[in-house]
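Morning, everyone. Please pull up the structure on your screens. I'll go through it part by part.

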Amino acid sequence: MLLPPELRSAISHQLEGVSRNLLSERSSQISSHYRSGGQSTHAMNDELDALAYAVVRMPATYSAVRNVLSRLQERCPAFSPASLVDFGAGPGTASWAASDGWPNIAAITQLDANMLLLQLGQKLKESASSTALRNSRTIRTDLSAPQPILPATDLAIISYTLAEMSTAEIRALLTSAWSQCRGALVIVEPGTPGGWERILLGRDLLLSHGAKILAPCPHQLPCPLVAPDWCHFVQRVQRSRDHMLLKSADVPWEDEKFSYLIAVCEHLFYSAQRDRILAQPEKSKNEIRIKLCRTNGQAEFVQVRKRDLAAFKALKKKDWGDEAGSIAPEQSR
Ligand SMILES: C[S@@+](CC[C@H](N)C(=O)[O-])C[C@H]1O[C@@H](n2cnc3c(N)ncnc32)[C@H](O)[C@@H]1O
């Protein structure tokens with residue numbers, strides 16, 4: 001997956017005349033800061049730091065969010081949000097992904113504490129073809145403090161932001177975001193055990209507030225996975241030349257691992273739940289072995305043999321993260 005062309009050219013425009021050596025230094029500092037669990041506020045001291053973040057991380061976080069939004073579209077094809085609130089928007093990554101998925105979004109609000117990322121986002125969105133994105137409302141706010149009452153929204157996205165908050169802050173933010181959501185609330189986190197734990201925390205909380213879990217879980221029961229296993233997915237991201245340079249990369253792509261949750265209001269919870277593929281399927285000529293989260297709340301490996309031709313053919317086209325369709329118990333081992 002690639003960033004949309006207008007966003008790519010807006011980033012290239014910002015990069016004009018910028019020393020790649022300096023940018024590379026900043027990107028290494030930011031990466032090690034995030035790896036050690038640091039927050040964006042302390043990772044960024046000037047505009048160059050924000051730009052390094054956009055070059056190195058925006059393609060991956062954009063692609064993960066876009067992937068998740070396509071899961072929401074699969075499950076709710078009729079959902080067409082008119083409004084979006086992007087919590088912890090940073091440079092506006094999730095707003096770009098949502099505008100790509102639903103070009104009819106009419107109103108976007110972006111909330112973040114980091115002035116440098118918000119300012120960069122402001123410059124980038126000037127090139128957006130979406131009028132809503134160009135005119136989006138930006139509010140500088142600390143999301144760990146009680147939020148002023150915001151207008152209701154059809155879609156709320158919190159992408160790669162909870163990692164920077166305490167458990168109590170996450171609970172307060174999700175409670176407030178859910179109370180203003182009248183459609184779907186989407187959370188995306190790094191695909192690490194820590195990211196999954198935050199997703200589970202959010203899942204329990206949102207269920208207790210009456211939300212329906214649309215994906216990835218095909219049920220509303222407790223998560224069947226037990227640590228050290230964790231629920232995560234992967235999206236391949238094409239690297240730009242600058243990305244390769246800054247990351248000293250050998251290959252023109254990277255695999256972004258992410259965990260996510262889509263919680264919806266009752267009226268969007270209308271289609272039948274289907275088993276979800278939780279890992280890369282092992283496919284051979286005569287057999288496919290897949291790890292499934294099933295509608296009955298169990299996680300298990302299932303083998304489908306070629307003699308079960310219809311199921312075998314259907315599964316051959318499926319990938320990690322897809323819905324598996326219904327596999328009858330006699331096809332399972
Ligand atoms: C890793 S960046 C992710 C940005 C963007 N959502 C994305 O997916 O690329 C995390 C963002 O969360 C914001 N953030 C973290 N804690 C926050 C808080 N307490 N209040 C407001 N923003 C916060 C940071 O300023 C930063 O922009």
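**Domains, ligand, helix packing and odd backbone spots**

The C-alpha centres of domain 1 and domain 2 lie 30 Å apart. Keep in mind that this is a predicted model. Domain 1 runs over residues 5-268, and domain 2 over 276-331. How many residues of each domain are in contact with the other? On the domain 1 side there are 10, and they meet 11 residues of domain 2. The side of domain 1 that touches domain 2 has 9 nonpolar residues, 1 polar residue and no charged ones.

Now the ligand. It is surrounded by 20 residues. Which of them are the closest? They are Gly88, Gly90, Ala113, Asn114 and Leu143. By class, the shell around the ligand splits into 8 nonpolar, 9 polar and 3 charged residues. Two helices to note here are H4 and H5, the second being residues 93-101. Each of them supplies at least two residues of that shell.

Stay with H4, which covers residues 47-75. Helix H2, residues 20-35, packs on H4 at an angle of about 80°. Their axes are 9 Å apart. Because of that angle, H2 is roughly perpendicular to H4. From H2, the contact takes Leu22, Leu23, Arg26, Ser27, Ile30 and Ser31. From H4, it takes Leu48, Asp49, Leu51, Ala52, Tyr53, Val55 and Val56. By class, the contact of H2 with H4 comes to 9 nonpolar, 2 polar and 2 charged residues.

H4 also meets helix H6, residues 115-125. The axes of H4 and H6 come within 9 Å and cross at roughly 65°. So H4 is roughly perpendicular to H6. The crossing of H4 past H6 is right-handed. Which residues make this contact? H4 brings Glu47, Asp49, Ala50, Leu51, Tyr53 and Ala54. H6 brings Leu116, Leu117 and Leu120. The contact of H4 with H6 has 7 nonpolar residues, no polar ones and 2 charged ones.

Look back at the H4 residues on those two lists. Asp49, Leu51 and Tyr53 face H2 in the first contact, and Asp49, Leu51 and Tyr53 also meet H6.

Next pair: H8, residues 167-180, and H9, residues 193-208. The axes of H8 and H9 come within 10 Å and cross at roughly 45°. Is H8 oblique or roughly perpendicular to H9? At that angle it counts as oblique. H8 passes H9 in a right-handed crossing. Thr167, Ile170, Arg171, Leu174, Thr175 and Trp178 contribute from H8. Arg198, Leu201, Gly202, Leu205 and Leu206 contribute from H9. The contact of H8 with H9 has 6 nonpolar, 3 polar and 2 charged residues.

Last, the backbone. Most residues other than glycine have a negative phi, and most peptide bonds are trans. Three spots here are worth a look. One is Tyr160, with a positive phi of about 50° although it is not a glycine. Tyr160 sits in the loop between strand E4, residues 153-159, and H8.

The other two are cis peptide bonds. Where are they? One joins Ala215 and Pro216, with omega about 0°. The other runs from Ala227 to Pro228, with omega near 15°. Pro216 lies in the loop between strand E6, residues 212-215, and strand E7, residues 233-238. Pro228 is in the loop between E6 and E7 too.

To recap on H4: it packs against H2, it crosses H6, and it supplies at least two residues of the shell around the ligand. Please click through those contacts on your own screens. That's my run-through.

How values were computed
Residues numbered from 1 in each chain as written. Predicted model: local features only at pLDDT ≥ 70, side-chain atom pairs only at ≥ 80, totals over all residues. Axes fitted to C-alpha atoms, helices over the stretch in contact; angles between N-to-C directions. Helix = DSSP H or I, 4+ residues; strand = E, 2+ residues; numbered from the N terminus. Parallel < 35°, antiparallel > 145°, perpendicular 65-115°, else oblique. Left-handed = near helix turned anticlockwise from the far one by under 90°. Contact = placed C-beta atoms within 7 Å. Nonpolar A, V, L, I, M, F, W, Y, C, P; charged D, E, K, R; others polar. Domains from an automatic or database assignment. Near = placed C-beta within 6 Å.
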